[in-house]
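Please look over the sequence and the structure shown here before reading on, so that each element named in the briefing can be found in the picture.

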Amino acid sequence: MRVEERFLKYVSFWTTSEDGKGITPSTDRQFLLADELAKELKGLGLTKVKRDNHCYVYGLLPATEGFEGKKPMGFIAHMDTAASFSGKDVKPQVIPEYNGQDVVLPGNGDVIKVSDFPHLLTLKGRTLITTDGTTLLGADDKAGIAAIVTSVEEIIQEKIPHGDIWIGFTPDEEIGAGADLFDLDYFQAAYAYTVDGDYEGEVAYENFHASSAHFTIKGVNVHPGSAKNIMVNAASIACEIQNMLPAQETPEHTEGREGFYHLEEMHGDVNEAHLDYIVRDHDSEMFEKRQQALREIADKINGKYGAKTVTLELKESYRNMLEVMEDNFYVVEKAKEAIAAAGMEPISRPIRGGTDGGRLSFMGLPCPNLGTGGYAFHGPKEHVTVEGMEAAVKIIKGIVQRPVDK
């Protein structure tokens with residue numbers, strides 16, 4: 001089966017995850033795709049295929065004769081799609097020989113503009129796949145799943161010699177929980193790659209340090225007519241806290257390795273208010289300074305309005321996988337060699353986010369990220385090309401052909 005056929009089949013599954021559920025998977029609908037993938041892996045002849053009770057799928061393509069002494073490798077992708085936009089009833093638009101111009105989305109008349117996405121000019125002549133505008137597409141990360149399964153099938157068909165190849169598909173990556181219950185006792189790879197990126201030819205091994213910050217502000221609510229020297233307006237204090245942060249250090253003003261504070265949600269009234277932030281930086285020292293800045297803001301507010309006016313909860317989410325990759329750089333080098341052999345220039349840009357691979361790296365599985373050729377993730381203008389997914393297949397096969405001795 002061709003990679004685009006698999007992709008179009010996988011995006012028909014509604015697999016949106018939901019934050020705040022406290023269970024894995026966060027949505028039962030993810031099991032439907034998990035069961036389909038387990039069935040496909042078994043049909044290809046993989047062993048140790050398992051879909052566990054938490055919706056993780058595993059499988060093993062055993063080493064070919066003479067390659068048992070190579071380090072076992074793995075490839076991983078996630079099944080869920082982001083809750084930022086609907087992932088139900090996806091209706092893909094397939095455009096052969098794309099003309100490199102603006103694309104009208106037939107479901108609602110919206111337009112993917114070249115002025116907004118200049119890379120579209122480089123996709124001219126390819127087969128472009130978009131949504132109809134009413135849902136996201138799901139290329140994040142069903143393009144990765146399609147590339148992995150297609151690679152396995154071609155490795156078998158072409159009788160490419162290889163060591164043990166482990167395959168893993170995870171739920172709930174989009175809510176930061178994809179690695180929570182990943183069974184590394186079962187998934188016996190020495191190193192792996194998440195196939196969950198955008199740029200073709202990408203091997204990313206640097207991601208943000210990340211934490212979440214929650215301010216709870218307690219006010220004193222009295223009648224405004226007699227409020228002088230009594231009222232403490234929690235909503236006003238929330239605005240004050242936001243204004244104490246540097247205005248230019250937000251996602252809309254930063255790029256590359258520049259970190260930020262991102263106000264995700266703000267709500268409340270005079271009596272009580274809440275602020276939810278995510279904090280990001282690639283540099284560990286700067287990351288700690290950002291968190292310390294939030295602690296100092298809480299102290300200043302409490303000094304001004306009274307103790308316990310503000311409480312701050314800081315929770316680390318994940319760390320920069322570069323700390324692990326520096327000691328396991330052979331994993332990155334193998335990917336770069338495979339990308340170059342496929343006729344592409346290897347790209348290694350810092351990920352302005354996180355991946356399952358970042359967390360798995362700190363769990364003992366060095367795991368950089370490979371691109372899939374998808375763009376504009378998490379919204380209705382998401383798109384991917386067949387050629388981009390085919391490139392991911394070539395790169396995976398190239399990595400397999402460059403095994404590492406135990």
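This briefing goes through the sheets, the helices that lie across or pack against other elements, and the salt bridges.

The structure is a predicted model. One open sheet has seven strands with mixed pairing, while another open sheet has four strands with antiparallel pairing. Helix α3 and helix α9 pack at an angle of about 50 degrees, and the count of salt bridges comes to 24.

**The seven-stranded sheet**

- Strands of a sheet pair through backbone hydrogen bonds, and this pairing can be either parallel or antiparallel.
- Read across the sheet, the strands come in the order β1-β2-β8-β3-β9-β15-β10, with β1 (47–51) and β10 (203–204) as the edge strands, each of which pairs on one side only.
- Within this sheet, β3 (residues 73–78) pairs with β9 (residues 191–195) in the parallel sense over four bridges, and G74 stands opposite A192 in β9.

**Helices lying across strands**

- Helix α2, which covers residues 30–43, lies across β1, β2 (57–61) and β8 (165–170), and its direction is at about 170 degrees to β1.
- Helix α7, which covers residues 330–341, lies across β9, β10 and β15 (369–370), and its direction is at about 55 degrees to β9.

**The four-stranded sheet**

- The order of the strands in this sheet is β4-β7-β17-β16, and the edge strands, each pairing on one side only, are β4 (93–95) and β16 (374–375).
- Strand β4 runs antiparallel to β7 (residues 128–130) and is joined to β7 by three bridges, with I129 in β7 as the bridge partner of V94.

**The packing of α3 and α9**

- Helix α3 (residues 139–157) and helix α9 (residues 386–400) have axes 9 Å apart and meet at an angle of about 50 degrees, which makes α3 oblique to α9.
- The crossing of these two helices, α3 and α9, is right-handed.
- From α3 the contact draws on A143, A147, I148, T150, S151, E154 and I155, and from α9 on M389, A392, V393, I396, K397 and V400; these residues divide into nine nonpolar, two polar and two charged.

**Salt bridges**

- Side chains of opposite charge can pair when their charged atoms come close.
- One of the 24 salt bridges is formed by R51 with D35, whose closest N and O atoms are 2.8 Å apart.
- Because R51 lies in strand β1 and D35 in helix α2, this pair ties together parts that are 16 residues apart in sequence.

Technical notes
Residues are numbered from 1 along each chain as its sequence is written. This is a predicted model: local features need pLDDT of at least 70, side-chain atom pairs count only at pLDDT 80 or more; totals for chains, interfaces and linings use all residues. Side-chain values use heavy atoms; hydrogens and water are left out. Two strands pair if DSSP finds at least two bridges between them. Contact means heavy atoms within 4.5 Å. Axes are lines fitted to C-alpha atoms, for helices over the stretch in contact, and angles run from 0 to 180 degrees between N-to-C directions. Angles under 35 degrees count as roughly parallel, over 145 as roughly antiparallel, 65 to 115 as roughly perpendicular and the rest as oblique. A crossing is left-handed if the near helix is turned anticlockwise from the far one by less than a right angle, and right-handed if clockwise. Ala, Val, Leu, Ile, Met, Phe, Trp, Tyr, Cys and Pro count as nonpolar, Asp, Glu, Lys and Arg as charged, and the others, Gly among them, as polar. A salt bridge is a side-chain nitrogen of Lys or Arg within 4 Å of a carboxyl oxygen of Asp or Glu.
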